Amino acid sequence: MRHSAYRDVWSSKTQHNPRAKEFVAFSIVSVLFLALPLSSHSQTNARGMLLPQTESNYQIRPYEGKLDPDDGQWLRPAKDYASTRYSSLDQINAGNVQNLKLAFTFSTGLTKGHEAAPLVVNNTMYIVTPWPNKLYALDLTKPGAPMKWVYLPMPTPAAQGVACCDVVNRGASYFDGKIYYNTLDNQTVCVDANSGKELWRTRVGDINKGESMTMAPLVAKGRVLVGVSGGEFGIRGWLKALDAKSGKLAWTAYTAGPDKDVLIGPRFKPFYAQDRGQDLGVKSWPPDAWKIGGGGVWGWISYDPDLNLIYYGTANPGPWDADARPGDNKFTAGIFARDADTGEAIWYYQFSPHDLYDYDAVNETILLDLPIKGQSRKVLIRPERNGYVYLMDRTTGEVLSADPFAPITTTRGVDLKTGLLQYVEEKKPTRGKALREICPAAPGAKDWQPSAFSPKTGLLYIPHQHLCMDEETVSVNYIAGTPYVGANVVMYDAPGGYGGEFTAWDPVNGKVVWSIPDHFPVWSGAVATAGNVVFYGTMDGWFKAVDAITGKQLWQFKTGSGIIGQPISYKGPDDKQYIAVLSGVGGWAGAIVAGGLDPRDKGAALGFVGATQDLPKFTNQGGMLYVFTLP
Amino acid sequence: MCLRFPKRSQAVIFSIWLFVGLAHSRDLRVCADPDNLPFSNTKQQGFENRIAEVVARDLHAHLIYQWQRMGRGFVREYLDTSKCDLLIEVPSAFRPLLTTSPYYRSAFVFVTRRDHRLQVASLDDPALRHLKIGVEVLQEDYTPPGTALARRGLQNQIVGFDRTGEKGDSIIRAVANRRVDAAIVWGPLAGYFAQKFGNSLQLNLLSPELDPPGLPFTFSISMGVRKGNTALRDELEAVLRRRGSEIRGVLHRYGVPQLELAQTSGGEN
């Protein structure tokens with residue numbers, strides 16, 4: 001755990017750095033940066049690296065907005081439509097959490113990355129596994145929670161080859177007696193929650209086009225919302241809405257292309273000028289490039305029933321070689337607000353115009369009503385891959401603040417007048433040129449792993465990376481019979497010497513309240529509870545409980561494999577509070593263990609091995625559910 | 001082809017080969033794409049299938065395919081875990097694998113219609129500014145010519161073609177059907193599919209051969225095995241020496257444009 005350590009770490013490092021003189025030029029530049037009308041809550045170190053600010057004297061400000069009532073179940077990965085991942089159960093608290101004991105376990109029998117959140121409905125727990133995407137139902141009313149049934153969707157094995165970053169699945173959603181989820185080979189399935197019988201399945205994508213599916217669907221207004229993965233494979237991204245009863249396609253909203261394909265019509269009113277205009281999904285690309293321009297929808301969707309809007313982000317544009325796609329590459333790397341019934345776009349904001357660094361914008365969107373400058377506003381919070389936590393007005397798409405929560409060198413802030421991200425010229429990649437210290441690295445300051453919000457503390461708990469990367473000279477590569485040349489990316493810990501952090505963030509003031517460094521990227525989700533205890537897991541397999549107010553570690557348990565799953569909290573049939581999490585390392589960050597990569601090859605798994613080289617020393621693969629409760 | 005092996009290792013190879021030959025129960029596990037002509041498919045119609053047969057026959061091995069689309073992570077998923085032992089084709093300088101000496105060399109080519117009389121070959125030909133140029137998309141990237149065109153400010157001339165499965169010939173068909181004026185395509189694919197349009201398409205070797213500072217359009221191709229599997233690599237070297245002309249004959253029949261193998265090749269590109 002660490003309080004405002006960035007500056008200390010850096011002052012001591014730069015003092016001893018023999019190259020310190022070279023950085024004088026940078027610091028002059030950084031003084032100029034501060035004069036720009038950028039968001040204010042950041043500081044810059046001697047090397048021009050943007051760092052988060054720490055709030056030294058945080059006063060707890062409980063949330064005054066309204067949250068969905070909690071019945072102790074867990075119906076969808078994000079818990080509620082606002083995506084708080086907050087449990088109002090409080091049996092487990094800071095005073096007794098150290099007594100937490102294992103209640104039962106369950107092996108999935110699989111060795112790939114387990115990223116899903118378990119669901120708990122009607123005293124049954126549901127678990128979706130990575131490929132081959134089995135669905136297990138466990139009976140919570142019986143001792144040891146024995147298996148009720150298992151449903152096997154039998155996806156085609158060829159799909160494994162098109163999943164870019166391990167064959168993960170991020171979970172299922174429950175609605176009206178049915179479980180909905182996606183298979184890696186692009187089928188959305190609907191399974192009877194009682195019997196395990198398949199009610200329908202709809203094929204929504206094609207692996208031959210490089211499409212695959214890993215995201216958890218959201219069911220809103222009787223529609224199952226599903227999106228595609230595969231930005232690394234020349235796909236054209238989309239979000240589809242299926243009728244929850246029949247599985248029939250209701251509408252498709254493409255990320256790029258003509259307005260009619262993107263479902264942009266007269267109701268589309270983006271806040272900023274650069275997002276307005278006709279057919280920007282075509283015009284902001286070279287001819288035809290939007291057809292293969294990526295922009296997948298593989299992350300999270302939130303829903304505001306009052307505004308009747310859904311919110312979700314779009315992934316990075318393709319190809320990675322940004323020179324080949326001049327223009328803003330709309331509507332990739334941004335956020336859409338859409339009508340929940342028709343899918344019509346209401347507004348859009350681009351976090352990373354013409355993305356240069358694989359900064360997908362698919363992270364979770366937390367919908368809250370917060371006091372901003374004395375006025376309660378309907379906001380959304382986005383801890384973005386590009387390193388900033390965005391606070392936006394969710395009715396209009398206006399950016400209210402954007403403050404760094406991890407070290408940043410690629411940009412120097414967001415101009416709040418224009419909404420434009422300010423790129424740093426000398427960090428722009430060019431083919432054939434070696435680039436050093438690109439921060440955040442390609443997986444971003446934070447990837448898909450969702451944060452949790454506690455209304456009791458008013459804080460957002462963000463699991464994230466702390467990584468930079470170098471883009472090395474080109475190396476010969478090979479796909480589908482054809483040789484080509486690609487960039488060689490090597491990732492490593494950002495200054496401070498650790499690869500990940502678990503950060504408590506004050507969303508109103510845009511500052512870090514406390515943060516806990518971890519050796520590896522923190523790739524698990526988080527759950528906040530009314531007992532003022534927050535849970536998360538580490539890639540070397542520690543499942544941790546920390547004090548929601550102080551960040552003090554209260555309890556930990558070593559699971560059999562690294563944790564990249566999403567913990568949940570539920571009320572069992574015995575009225576006791578339980579905490580559940582899937583262990584099973586993998587995903588992009590854990591590919592070194594799940595895929596058995598050679599740690600000597602730092603460029604493997606798109607460069608991630610460089611940052612996780614020693615992970616095999618700490619953990620091994622293997623999917624297992626762990627459920628805890630008080631004795 | 002250069003023969004770089006000292007006599008002693010040849011003797012070792014021979015004895016391994018002899019042992020295996022006598023044992024009669026050897027499997028040669030080859031990873032191949034299930035649907036990617038002209039390279040391979042499950043009907044075994046591709047030239048990698050033909051070459052695999054030549055190798056298996058020579059080694060008296062039983063040929064077993066692991067059908068798998070080659071995407072990212074492919075090497076670690078399939079070769080590193082011993083699901084297969086051999087890739088028939090990889091660039092000679094492909095670092096994740098141990099490669100043999102190159103057995104052929106090919107290049108990206110300009111494909112145009114003969115009746116169009118364009119005669120373009122150079123990326124610096126001013127005529128390109130007025131052409132629609134098809135370029136293949138390889139999962140996360142354009143092929144190298146796409147990058148080279150973008151660098152010349154010609155990105156607006158590019159038409160990207162997704163190229164997997166049964167759509168493999170779409171970029172060549174687009175030239176024949178006048179959807180694009182030209183296409184820059186990896187030689188083996190271009191040569192094979194151009195045959196289907198009789199004599200109507202023209203293939204010109206792309207120039208320059210290497211775009212500064214380091215973007216090659218010409219690649220030597222080797223067989224690839226798991227790192228550390230020098231025994232199999234050495235066996236394959238011997239097969240290539242014995243069967244080199246037969247293999248080049250296969251490539252010729254599939255219309256693969258072949259460049260002369262440089263004497264020093266093996267680690268360049």
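Two strands are taken to pair where DSSP finds at least two bridges between them. On this basis, in the predicted model examined here, 5 strands of chain A form an open sheet of mixed pairing, in the order E3-E34-E35-E36-E37. The edges of this sheet are occupied by strand E3 (86-87) and strand E37 (553-558) of chain A, and because each of these has a single partner strand, one side of each is left without a neighbour in the sheet. The partner of E37(A) in that order is strand E36 (residues 542-547) of chain A, to which it is joined by 5 bridges, the two strands running antiparallel; within this pairing, A:Lys544 has A:Gln556 of E37(A) as its bridge partner.

In chain B, helix H4 (residues 144-151) is largely enclosed by the rest of the structure, because 7 of its 8 residues are buried. The buried residues of H4(B) are B:Pro144, B:Pro145, B:Gly146 and B:Thr147, together with B:Ala148, B:Leu149 and B:Ala150. Just after this helix, B:Gly153 adopts a positive phi of about 75 degrees.

A further buried position is found in helix H7 (residues 230-253) of chain B, where B:Arg233 is placed. B:Arg233 counts as buried because 22 C-beta neighbours lie inside 10 Å, the cut-off for burial being 20 or more. When residues up to four places away in sequence are not counted, B:Arg233 touches B:Leu98, B:Thr100 and B:Val225. B:Leu128, by contrast, lies 105 residues from B:Arg233 in sequence and 43 Å from it in space, C-alpha to C-alpha.

Technical notes: Residues are numbered from 1 along each chain as its sequence is written. Chains are lettered from A and ligands numbered from 1 in the order in which they are written. This is a predicted model: local features need pLDDT of at least 70, side-chain atom pairs count only at pLDDT 80 or more; totals for chains, interfaces and linings use all residues. Helices (H or I, at least four residues) and strands (E, at least two) are DSSP runs, numbered from the N terminus. A residue is buried if 20 or more other C-beta atoms lie within 10 Å of its own, exposed if 12 or fewer, and partly exposed in between; C-beta atoms are placed from the backbone. Two residues are in contact if their C-beta atoms, placed from the backbone, lie within 7 Å.
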